[in-house]
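Thanks for passing this one along. Here are my notes, set out as numbered points so that you can follow them with the model open beside you.

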Amino acid sequence: MLAPHGYGVVFGIMRVLPGFAVIATRDDVCRHAGLQCGWLPHPFRAPRVLRGWLSDRGSLTQRLRSRYHDFGVVPVLRGFAAPFPDESRALGLTPGASAYVRDVLLLGDGKARVFAHSVLPRAALRGGWNGITRLGTRPLGEALFRTPGVRRLAMTMRRVDARHPLYHGACRHADVTDRELWARRSVFCLDGHALLVSEVFLPAILAP
């Protein structure tokens, strides 16, 4: 049940009795969802100027707020859709199964700095994550770091180009001409349910 107010309780907390096998299975998904399909556990192959952005385990929202005077979130897609193939494999979903997908642009001083793509299995919407569909223009990252019980697990990085759907998502919604971009993917776990968050750093991340 959702509490009445505040980011700290946006997702609520679902009480789960210990000892159920399904919890162990979901925790396995949470632990292993990051390391698949070309995703790397370190940013060493990335340009040096991007490594700090890729490896920072703090709140990206907070970092952007501190860097830019004017921070904003522009939702560009939300609803049920089939995850990308590597996301379905990472989350243990049946091929073709739909999930709740939310795509946003994170703006700093009026420029798109990051394309963020979140995927949540349908089953997780009945638990502690059920407030994700009502975020609107509020940043997901801010809610994640203020919600009790959310654990950040695996974080991985990779280069994306025209062969990867994340690149096309970024190009579709932002003015991108670079032939490749760098992205990171994080796994957040709440009550045994994994939320996959991918963040593509747009060229403007290095601009004033």
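**Notes on the sheet and its surroundings**

1. Let me begin in the middle of the sheet: strand S3 (residues 111–121) and strand S6 (residues 193–201) run antiparallel and are joined by six bridges. Strands count as paired here if DSSP finds at least two bridges between them. The elements themselves are DSSP runs, numbered from the N terminus: helices are H or I of at least four residues, and strands are E of at least two. If you would like two pairs to look up, His 117 stands opposite Ser 198 in S6, and Ser 118 has Val 197 in S6 as its bridge partner.

2. Before you go further, a word on the source. This is a predicted model, in which local features need pLDDT of at least 70 and side-chain atom pairs count only at pLDDT 80 or more, while totals for chains, interfaces and linings use all residues. Residues are numbered from 1 along each chain as its sequence is written, and side-chain values use heavy atoms, with hydrogens and water left out.

3. Now the whole sheet. It is open and has six strands in the order S1-S2-S3-S6-S5-S4, with antiparallel pairing. Strand S1 (71–81) and strand S4 (151–161) are the edge strands, each pairing on one side only. On average, neighbouring strands of this sheet are turned by 20° against each other, direction ignored. Axes are lines fitted to C-alpha atoms, for helices over the stretch in contact, and angles run from 0 to 180 degrees between N-to-C directions.

4. S6 also has a partner in S5: the two pair in the antiparallel sense over nine bridges. Val 197 in S6 is the bridge partner of Ser 186. S5 and S6 form a hairpin with two residues between them, and Asp 191 in the turn has a positive phi of about 55°.

5. How much of S6 is covered? Nine of its nine residues are buried, where buried means under 20% relative accessible area, exposed means over 50%, and partly exposed lies in between (1.4 Å probe, protein chains only). Both faces are covered: one side carries His 193, Leu 195, Val 197, Glu 199 and Phe 201, and the other carries Ala 194, Leu 196, Ser 198 and Val 200.

6. Two helices are worth a look against the sheet. Helix H6 (residues 165–173) lies across S1, S2, S3, S4, S5 and S6, running at about 130° to S3. For the chain as a whole, there are six helices and six strands, and from the N terminus on they run α-α-α-β-α-β-β-α-β-α-β-β. The other helix to look at is H3, which comes up next through the loop before it.

7. Gly 58 sits in the loop between helix H2 (48–55) and H3. Is Gly 58 buried, exposed or partly exposed? Its relative accessibility is 28%, so Gly 58 counts as partly exposed. Leaving out residues up to four places away in sequence, Gly 58 touches Phe 145, Arg 152 and Arg 184, a contact being heavy atoms within 4.5 Å. Gly 58 and Gly 141 are 83 residues apart in sequence and 9.5 Å apart in space, C-alpha to C-alpha.

8. On to charge pairs: the structure holds six salt bridges, each a side-chain nitrogen of Lys or Arg within 4 Å of a carboxyl oxygen of Asp or Glu. Among them, Glu 199 pairs with Arg 184, the closest N and O atoms being 2.6 Å apart. This pair links distant parts of the chain, with Glu 199 in strand S6 and Arg 184 in strand S5, 15 residues apart. Both ends are covered: Glu 199 is buried at 10% relative accessible area, and Arg 184 is buried at 1%.

9. Another salt bridge brings the side chains of Arg 159 and Glu 180 together (3.7 Å, N to O). Arg 159 lies in strand S4 and Glu 180 in strand S5, so the pair ties together parts that are 21 residues apart in sequence. Arg 159 is partly exposed at 41%, and Glu 180 is partly exposed at 42%.

10. Asp 161 and Arg 163 form a salt bridge too, with the closest N and O atoms 2.7 Å apart. Here Asp 161 is buried, with a relative accessible area of 17%, whereas Arg 163 counts as exposed at 75%.
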